[in-house]
Amino acid sequence: MACLALVGVVTASCGRGPVEVDTPALSASTDRACTALVKALPASVDGAERRDVEPAGAAAAAAAWGDPAIVLRCGVAMPKEFDEFATCQETNGVGWFIPEEQVTGEPRPITMTTIGRDVNVQVTLPAEHWPPANAMVDLAPAIKQTTEEKAPCV
């Protein structure tokens, strides 16, 4: 299957199917925030171009970039590993939690979750996108624009 270019716009899938994403059930207020977030997300993250997701549309509360895919899910619960002793890192005004067992200093897949915001956002990064700082920087503007900080990362 060939990619089609139409007036400078390239089809999102270019031979790849949509990324299947397990999305959580959302309350009405979380659904509004997640819909706004998905619409505000960038076309690329860490150099990877946006892909379609399944279920489709902003109502999916999810987005994906690249192959293997960086996957963002909005409206998730806090990870079970997060507690009052957990550490976080702040990048461009967004606090992130990465489970301690995933912080190895070497390229590996990680799952990071925003903390201290009214809506939790989880991003799964393949090892090819390590370290996570580039993805954090690329996602921060949309997250700050569409979710409210309730408590700073400390």
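The mean pLDDT of the protein chain, pLDDT being the predictor's confidence in each residue from 0 to 100, is 87, and 88% of its residues reach 70 or more. What I am showing is a predicted model, in which local features need pLDDT of at least 70 and side-chain atom pairs count only at pLDDT 80 or more, while totals for chains, interfaces and linings use all residues. Residues are numbered from 1 along each chain as its sequence is written, and side-chain values use heavy atoms, with hydrogens and water left out.

A word of caution on the start of the chain: over residues 1-15 pLDDT stays under 50, and the model has 11 contacts there beyond four places in sequence, a contact meaning heavy atoms within 4.5 Å. Where pLDDT is low, the predicted coordinates should not be read in detail.

Let me turn to helix α1, residues 28-40, whose 13 residues reach 18 Å from the first C-alpha to the last, close to the 18 Å expected at 1.5 Å a residue; that expected span is 1.5 Å times one less than the number of residues. Helices (H or I, at least four residues) and strands (E, at least two) are DSSP runs, numbered from the N terminus. Buried in α1, that is, under 20% relative accessible area with a 1.4 Å probe and protein chains only, are Thr30, Ala33, Cys34, Leu37 and Val38. Seen down the axis of α1, these buried residues fall within an arc of 135°, so they line one face of the helix; the arc is that of the directions from the helix axis to the C-beta atoms. The face turned away from them carries Ala28, Arg32 and Lys39, which are exposed, meaning over 50%.

What, then, covers the buried residues of α1? The cover includes β5 (48-51), β7 (62-65), β8 (70-74), β12 (121-125) and α2 (133-146). Leu37, for one, touches Leu72, Cys74, Val121, Ala142, Ile143 and Thr146, leaving aside residues up to four places away in sequence.

Finally, strand β11, residues 110-115, is mostly covered, with five of its six residues buried. β11 pairs in the antiparallel sense with β10 (residues 94-97) over three bridges, and with β12, also antiparallel, over four; two strands count as paired if DSSP finds at least two bridges between them. Gly95 stands opposite Ile115 of β11, while Thr111 has Thr124 in β12 as its bridge partner. β11 and β12 form a hairpin with five residues between them, and in the turn Gly116 has a positive phi of about 75°.
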